Structure formats: structure tokens, C-alpha cells
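The following exercises concern one protein chain and are to be worked with the sequence and the coordinates at hand. Each task is followed by a solution in steps.

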Amino acid sequence: MLKSKRDRGRILTAPGLKKLNEALQEWSDRYNIRGTLTEIEAESGVGADTVSKIKQGREGADLSKLRQLFAAFELTLTNGDHRSAKLDDAEDAGESDNLPAARETARSNRSVKVFVSYRSAEPDRELGKQLETALSAIGHTVFTAENNIRLGDNWFDRINYFLKECDYLLLLLPPTVSQSELLTYQVQQAKELQDSRPDKKPIILPIRVGFPLNVPLNHDLRGYLYRIEQREWQKDGDTPILIEEVLKLLAETPAPVKEQPEDLTPNQVLEISSDEIPLPSAEPELPGGQVDVASQFYVERPPIEERCYQTILQPSALIRIKAPRQMGKTSLMARILHHGTRQGYCTVPLTFQLVDKSVFANLDKFLKWFCAYVGRELHLANQLDDYWDDIFGSKVNCKDYFEKYILPQIDSPLILGLDEIDRVFQYPDIAEDFLGLLRAWHEESKRRDIWKKLRLIVVHSTEVYIPMNINQSPFNVGLPVDLPEFNAGQIQDLAARHNLSWSDAEVEQLTAIVGGHPYLVRVALYHISRGDLTIDELKESAIADAGIYSDHLRRQLWNLEEYPELAAGMREIAAADSGVQLKAIQAFKLDSLGLVKLQGNECVPRCELYRQYFRSHLSAIG
């Protein structure tokens with residue numbers, strides 16, 4: 001005997017599933033439990049398998065079980081909360097309207113795992129929840145930080161798990177994305193996973209929430225999301241259209257990824273286009289990454305800038321910029337390049353941090369990529385095949401390519417800005433040869449006219465702990481630039497640019513918390529100038545989980561948790577009332593992260609903010 005279509009059971013609609021999920025979330029929060037299937041079964045009397053089936057929406061459940069589950073969590077099941085398990089039922093066809101494209105997606109029998117990443121503020125959270133509901137209702141597995149990270153969980157471990165497990169990263173980008181180090185971290189991790197996997201997963205789907213497409217992303221995100229199509233959400237009416245597009249996309253099997261060996265260039269160039277620096281009359285900028293050359297919020301640290309401008313115009317110029325993270329290295333390099341451009345020089349900025357791992361496979365591939373990238377930025381045709389002869393080795397071939405092809409093709413000096421060269425340090429075999437090659441070119445420029453055209457800027461955070469012959473290292477020649485923190489006068493000047501009339505006492509209050517750290521100072525001034533908080537409130541809330549530095553501090557905490565020896569060292573430093581002596585490599589790495597200051601052989605926290613935060617959060621590490 002054939003079963004009737006009613007015997008197929010009922011499936012929750014998108015609104016019904018959303019209602020249930022919100023009730024379950026409220027219940028688990030109220031009793032501080034994880035809300036597992038077993039716990040839901042104990043509370044409702046509905047079997048765990050049935051609960052799972054109801055939540056996933058892939059099979060129909062008995063209507064009485066739906067009513068029982070809803071009633072257990074003080075909900076009333078209405079007609080709009082459920083539909084037939086068979087989408088083709090004519091009388092129920094209208095009930096599926098809440099799930100755009102659900103019919104086509106369900107028929108594809110394709111179930112994927114999706115990590116929906118959104119912040120807790122509105123409207124991002126509401127859009128994220130609606131996407132989660134729509135995806136879950138048709139059988140996709142959805143991860144969110146809100147639902148899948150519980151009290152006591154390690155946030156970064158869980159995020160890493162979601163990224164490794166998911167097929168898609170559905171990324172909601174808010175207007176404040178420039179300041180979000182945690183969001184940038186997620187994208188960075190996703191890109192590294194893509195590079196290491198043949199299927200190039202997770203696939204990133206960026207959606208700008210109230211964040212127009214013509215507004216630039218921060219320095220790192222521009223590189224990571226290069227060539228990835230983005231969508232824009234502006235109002236509630238955009239939601240069903242966006243959900244429909246996402247559902248259709250997930251219903252399709254992604255096309256195989258084709259290797260493109262001819263595209264050897266990195267995904268990012270620095271912004272150095274503006275010809276004039278504007279007068280100091282602009283709205284406060286949300287800090288994040290490189291400060292644009294046209295920004296009024298770049299603070300000069302005399303005599304550094306002027307000395308760099310003069311040096312780069314000299315034959316054989318080599319400038320070495322070293323400072324911890326977020327101290328302004330990339331911004332200074334961009335200004336030097338901009339100065340060179342205004343003198344009629346050719347300039348090529350190159351950011352190693354955003355180069356695919358595959359480029360570092362071996363020295364030959366790396367140097368071919370390096371030559372191809374520089375040539376492409378100069379709009380020169382790729383002639384590698386004409387100059388690359390295996391019998392001579394990679395370094396000779398690379399030198400010939402510059403000497404006999406690139407440099408003769410240009411009529412003016414060439415400035416190469418090599419940013420975040422620390423990335424190369426991770427590959428010692430490549431680093432030793434490449435850095436030795438740069439030093440050899442620098443020496444050649446003192447003897448031969450063709451090499452006098454080449455000027456170098458080398459930017460790095462970490463100490464160079466790769467053993468190198470002193471005569472082969474580029475780190476003991478040229479102009480060394482070690483960027484200092486802002487002094488009191490520079491902070492007061494920057495406050496004035498934020499339309500704040502600060503006294504010396506207010507400057508002292510800020511420096512007592514964050515010292516002169518450029519990024520931390522700018523974040524504080526931005527929020528204070530907008531009226532988000534006062535300097536007194538900052539003092540009370542600086543290390544709070546919801547404070548203005550929460551994102552930055554959590555990212556730094558993750559950096560330490562990834563390396564237990566660094567976490568242990570920082571714990572010791574934060575707990576001490578005086579300097580602590582660590583192993584040289586530990587001290588170098590903590591300094592490169594910007595967490596400590598080196599005073600002779602001893603380390604101290606870079607600022608009181610770090611001392612208090614890490615004393616509290618690293619206390620469990622022995």
C-alpha cells in the first residue's frame with residue numbers, strides 16, 4: 001500500500017527553524033550548557049535522532065514531535081513554521097516561498113559545510129542568522145562563532161577547526177573591517193588552506209554589509225580578496241536576493257581549479273597614487289594597515305622621512321626599515337616610493353606576506369616569480385625563456401634578467417620596495433641565496449653604471465637570525481631606519497588633527513596606557529574624537545573583552561597561544577616588575593610582534609595595556 005504524501009512528515013520552514021534555534025540558544029545560555037542533542041532530548045522528551053532530523057531538515061518528522069519539541073521550549077507551532085517533507089506537493093508549494101531557490105538546491109542532493117563569519121553587532125548578526133537558517137533548512141552544515149563556540153572554548157582553535165572543515169567561508173564584511181585583525185586573520189588562514197589543498201577550499205564568498213564596493217579594504221584584505229568577486233548588502237530588501245544567490249551557488253559543483261603557472265605575481269600592490277598631501281582637514285580615519293600617502297593622519301618622525309627622501313635619490317641607495325608590527329613601516333615605504341615617483345623614477349612595491357606558498361617551492365621558482373613580477377609591474381613582456389639557462393643556475397639567470405633586460409628597458413632609476421621580507425626568512429635555503437643576491441646587486445651598483453639605476457628598500461619586523469656571511473648580508477649596509485614610538489609632542493599633534501584640544505595631562509593619561517605605539521594611539525584618538533568614549537573611560541575599559549582593543553588583544557593572544565614558548569616568555573615578562581632576560585630568539589620574536597621592548601638583554605612589556613592583559617590571560621601557562 002502506498003503511503004500518502006502526509007506520511008512523509010513535516011519539515012520546518014526557514015522562519016520555524018529560526019524560531020526554534022533562537023529558543024534553543026536562549027535556553028542553553030540561561031543554563032550555561034552546550035545545548036547538545038542529548039541535553040535537548042532530556043529536556044523535551046524528543047529523541048536525539050529526531051531532534052537532529054528536525055534541525056537539519058533533510059527528512060520529515062512527525063507533526064506531534066514538532067509540537068512536543070516546540071512546547072518544551074515554550075514555543076507554539078503555527079502553520080507557517082512547517083511544510084511538507086516533499087517540496088513537489090502542490091498544496092504545500094507556497095509554503096516553501098520562505099526559502100529562495102530551496103527547490104533547486106534540495107534537488108541537487110548536494111550538501112556542503114559553510115562557515116558563516118559575522119560580527120555580533122547589527123545588521124551583520126541578523127543577516128548572518130538568516131543566512132544560517134536558510135542554509136541549515138535545506139541540509140547544509142553551518143558553523144558560526146555564536147552557535148558553535150561556548151564559554152571556555154579556545155576561540156582560535158575553534159575558528160581554525162571551522163576553516164579546516166568548511167567548503168565555503170561566507171564572510172560578512174562590516175564598515176569597520178579595516179580595524180578587525182581577527183577577521184583579517186580568518187581570511188589569511190583560509191587563503192593558506194587554499195594554497196595547501198588541491199581542491200582550493202574553503203572557497204571565500206565575501207559580502208559587504210553596509211560597506212560600499214567603492215570603499216577600499218585594508219592593506220592585507222585587499223591582497224587576500226584580490227580577484228574574488230564581492231557582493232554588497234545595504235538594506236533588508238537585499239536579503240532574499242542575496243540568500244537566493246548563495247543557495248544557487250552552493251547547489252552547483254565548483255569547477256575544477258586550473259593551474260595558471262604564467263601568473264606568477266602576488267595579489268597586492270601598495271597605494272602610492274596621490275600627488276599631493278592634503279591639508280589637515282578631514283574626518284577621523286579608522287586605523288588599519290598602511291596609512292595612505294594622502295592621509296592627514298600620517299605622523300612624521302623627523303629626521304627619518306627627509307633622510308630617506310634624500311637617500312633614495314642617490315646611486316647605490318639601500319634603505320633598511322625595521323620596526324615591530326603596526327609601527328608604520330609600510331606607510332613609510334609607501335611615502336618613499338611616492339617621493340621617487342614624483343622625481344620621475346620607476347617604483348615597484350612588493351609585499352612578500354601576500355605571496356602564495358607555492359612560490360617558495362624552490363629557489364628557481366622563487367627567482368622566476370620575482371623577475372616576472374617586477375617586469376609585469378613595469379609593463380614589460382615576460383622574456384624569462386630567453387634569459388633563463390639552467391646551466392648557469394638561478395642566481396646568475398636572475399642577475400642577467402635584470403642587467404640585460406629589465407634595467408636597459410627603463411630610462412630612469414628603479415626603486416624596489418621589498419615589504420615584509422620576514423616571510424622569506426621562513427625558507428632559509430631561499431633566504432640565504434636571495435638576500436645574498438640583493439647584497440651582490442648593491443655592490444655591483446658601486447662599480448657599474450647599469451646597476452646604479454637600482455635602488456632598494458628592505459622592510460622587516462624580525463631580527464635577521466639566519467646565519468649569513470657578513471659580506472653577503474644586505475642588513476649591514478645602507479641606511480638603517482629603526483622606527484621609534486610617537487613622543488608626547490607627536491601624540492598631541494595627532495590629537496589636534498582629530499579635533500581634540502588635549503593638554504599635556506591628557507597625553508600623559510593615554511601614554512600611561514598604550515605608550516607611544518602608533519596603532520594603539522590612533523585607535524584611541526579615533527574613538528575618543530567620535531565620542532565613543534572618554535580618556536577616563538578608556539583607562540577603565542582598555543583590556544575589557546568589549547573594549548576598543550579587544551580585537552587587537554585577542555589576535556595577539558592567539559599569536560602567543562600558537563607558540564607555547566613565546567606565551568611562556570610573555571607570561572613571565574607580564575608578571576615581573578622589572579626586565580626579564582629570555583633566549584635571544586624568544587626576545588626577537590616577541591619584539592617583532594610588538595609586544596615587548598628590548599632594553600639591553602632584557603625584555604619589558606611594550607605598554608601597560610599589554611602588561612595587564614597578558615598578566616590576566618596568560619596566568620594559566622606554566
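## Exercise 1: Backbone exceptions

Task. Locate His379 in this predicted model and state whether His379 is buried or exposed.

Solution. His379 is placed in the loop between H14 and helix H15 (384-387). Its relative accessibility is 73%, and the cut-off for exposed is over 50%; His379 therefore counts as exposed. The backbone of His379 has a positive phi of about 65°, although the residue is not a glycine. In general, most residues other than glycine have a negative phi, and most peptide bonds are trans.

Task. Where does Gln326 lie, and what is its phi?

Solution. Gln326 belongs to the loop between strand S8 (318-322) and helix H13 (329-342). Gln326 is not a glycine, yet its phi is positive, at about 65°. With a relative accessible area of 23%, Gln326 is partly exposed.

Task. Which residues are joined by a cis peptide bond in the cases of Pro202 and Pro303?

Solution. Pro202 is joined to Lys201 by a cis peptide bond with omega of about 5°. Pro202 sits in the loop between helix H9 (181-196) and S6. A cis peptide bond with omega of about 5° also joins Pro302 and Pro303. Pro303 is located in the loop between helix H11 (239-251) and helix H12 (304-312).

## Exercise 2: A pair of helices

Task. Describe how helix H14 and helix H16 pack.

Solution. Two packed helices are described by the angle between their axes and the distance between the axes. Helix H14 covers residues 363-377 and helix H16 covers residues 394-409; the angle is about 15° and the axes are 9 Å apart. An angle under 35 degrees counts as roughly parallel, and H14 and H16 are therefore roughly parallel to each other. The crossing of H14 past H16 is right-handed. On the H14 side the contact includes Leu363, Leu367, Phe370 and Val374, and on the H16 side it includes Cys398, Tyr401, Phe402 and Ile406. By class, the residues of this contact are nine nonpolar, two polar and two charged.

## Exercise 3: Three residues in their surroundings

Task. State whether Thr347 is buried or exposed, and identify the partner of its side chain in a polar contact.

Solution. Thr347 is part of strand S9 (residues 346-351). Its relative accessibility of 17% means that Thr347 counts as buried. The side chain of Thr347 forms a polar contact of 3.2 Å with the side chain of Thr341.

Task. Which residues does Val477 touch, not counting residues up to four places away in sequence?

Solution. Val477 occupies the loop between strand S11 (454-460) and strand S12 (479-482). At 12% relative accessibility, Val477 counts as buried. Its contacts beyond that sequence limit of four places are with Leu318, Arg320, Arg439, His442 and Glu443. Arg439 is 38 residues from Val477 along the chain, while their C-alpha atoms are separated by 8.4 Å.

Task. How far apart are Leu213 and Arg231 in sequence and in space?

Solution. Leu213 lies in the loop between strand S6 (203-209) and helix H10 (219-224). Leu213 and Arg231 are 18 residues apart in sequence, and their C-alpha atoms are 7.8 Å apart. Not counting residues up to four places away in sequence, Leu213 touches Arg208, Gln230, Arg231 and Glu232. Leu213 is partly exposed, with a relative accessible area of 46%.

Methods. Residues numbered from 1 in each chain as written. Predicted model: local features only at pLDDT ≥ 70, side-chain atom pairs only at ≥ 80, totals over all residues. Heavy atoms only, no water. Helix = DSSP H or I, 4+ residues; strand = E, 2+ residues; numbered from the N terminus. Buried < 20%, exposed > 50% of the residue type's maximum accessible area, 1.4 Å probe, protein only. Polar contact = N/O pair within 3.5 Å; in protein donor to acceptor, adjacent residues only side chain to side chain. Contact = heavy atoms within 4.5 Å. Axes fitted to C-alpha atoms, helices over the stretch in contact; angles between N-to-C directions. Parallel < 35°, antiparallel > 145°, perpendicular 65-115°, else oblique. Left-handed = near helix turned anticlockwise from the far one by under 90°. Nonpolar A, V, L, I, M, F, W, Y, C, P; charged D, E, K, R; others polar.
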